[in-house]
Amino acid sequence: MWSVPHQVRIFLAREPVDMRKSFHGLIALTESVLEQDPLSGHLFVFINRRRDRLKVLYWGGVGYCIWYQQLEEGSYQLPDAQAADDEAGLEITAGQLSLILEGIDLSSVRHRKRFQVSDQHRDATSSRRS
């Protein structure tokens, strides 16, 4: 697995996706279902109904990239939905994505409290730099 810079956000589609979809299909889902810009440089994660295949779509600077993994045994466990029931996707951390890929049961993992920069603080800091 690659390392994810802290500026990159990771969005997980909550609904299963047909893994026959390639670049154009996943780009369309990123825009319509996740309501995100696929050119943002963020990672967009899609999982099939059986949860044994996973695709990650991202913009690589000069073109789109897809990272694809198929499990030979077992299935991926998704985090509990922290988003409202009407939201099609949720944002996860790089650590959560790593745990999903490693097959670790997310319900048994305890997440200890850490400082997290709020969106307001991030916006204020970026406006001062401009």
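**Figure 1. Close-up of Tyr64 and Trp59 in the predicted model.** Tyr64 is partly exposed, with a relative accessible area of 26%. Trp59 is likewise partly exposed, its relative accessible area being 28%. Both values fall in this class because partly exposed lies between the limits of under 20% for buried and over 50% for exposed. The ring centres of Trp59 and Tyr64 are 5.0 Å apart and their planes stand at 75°, so the pair is edge-to-face. Planes over 60 degrees apart receive this description.

**Figure 2. Close-up of the stacked pair Phe11 and Phe44.** The structure holds two aromatic pairs. In the one formed by Phe11 and Phe44, the distance is 5.8 Å centre to centre, with 15° between the planes. This pair links distant parts of the chain: Phe11 belongs to strand S1 (residues 10-13) and Phe44 to strand S2 (residues 43-47), 33 residues apart. Phe11 counts as buried because its relative accessibility is 7%. Phe44, at 0% relative accessibility, also counts as buried.

**Figure 3. Close-up of Lys55 and the ring of Tyr68.** The charged end of Lys55 sits over this ring, 5.1 Å from the centre of the ring.

**Figure 4. Close-up of the second largest pocket.** This pocket has a volume of about 190 Å³. Eleven residues line the pocket, and the closest to its centre are Leu34, Glu35, Glu87, Ala88 and Gly89. Strand S5 (residues 89-92) gives the most to the lining, with three residues. By residue class, the lining comprises five nonpolar, two polar and four charged residues.

Definitions and conventions: Residues are numbered from 1 along each chain as its sequence is written. This is a predicted model: local features need pLDDT of at least 70, side-chain atom pairs count only at pLDDT 80 or more; totals for chains, interfaces and linings use all residues. Side-chain values use heavy atoms; hydrogens and water are left out. On a 1 Å grid over the protein atoms alone, a cavity is a set of points where a 1.4 Å probe fits but cannot get out, and a pocket is an open set with protein on both sides within 12 Å along at least five of seven lines; lining residues have an atom within 4 Å of a point. Grid points are joined across faces, edges and corners, and a volume is the space filled by probe spheres set on the points. Helices (H or I, at least four residues) and strands (E, at least two) are DSSP runs, numbered from the N terminus. Ala, Val, Leu, Ile, Met, Phe, Trp, Tyr, Cys and Pro count as nonpolar, Asp, Glu, Lys and Arg as charged, and the others, Gly among them, as polar. Rings of Phe, Tyr and Trp (its six-membered ring) pair if their centres lie within 6.5 Å; planes under 30 degrees apart count as stacked, over 60 as edge-to-face and the rest as tilted. Buried means under 20% relative accessible area, exposed over 50%, partly exposed in between (1.4 Å probe, protein chains only). A charge sits over a ring if NZ of Lys or CZ of Arg is within 6 Å of the ring centre and within 35 degrees of the ring normal.
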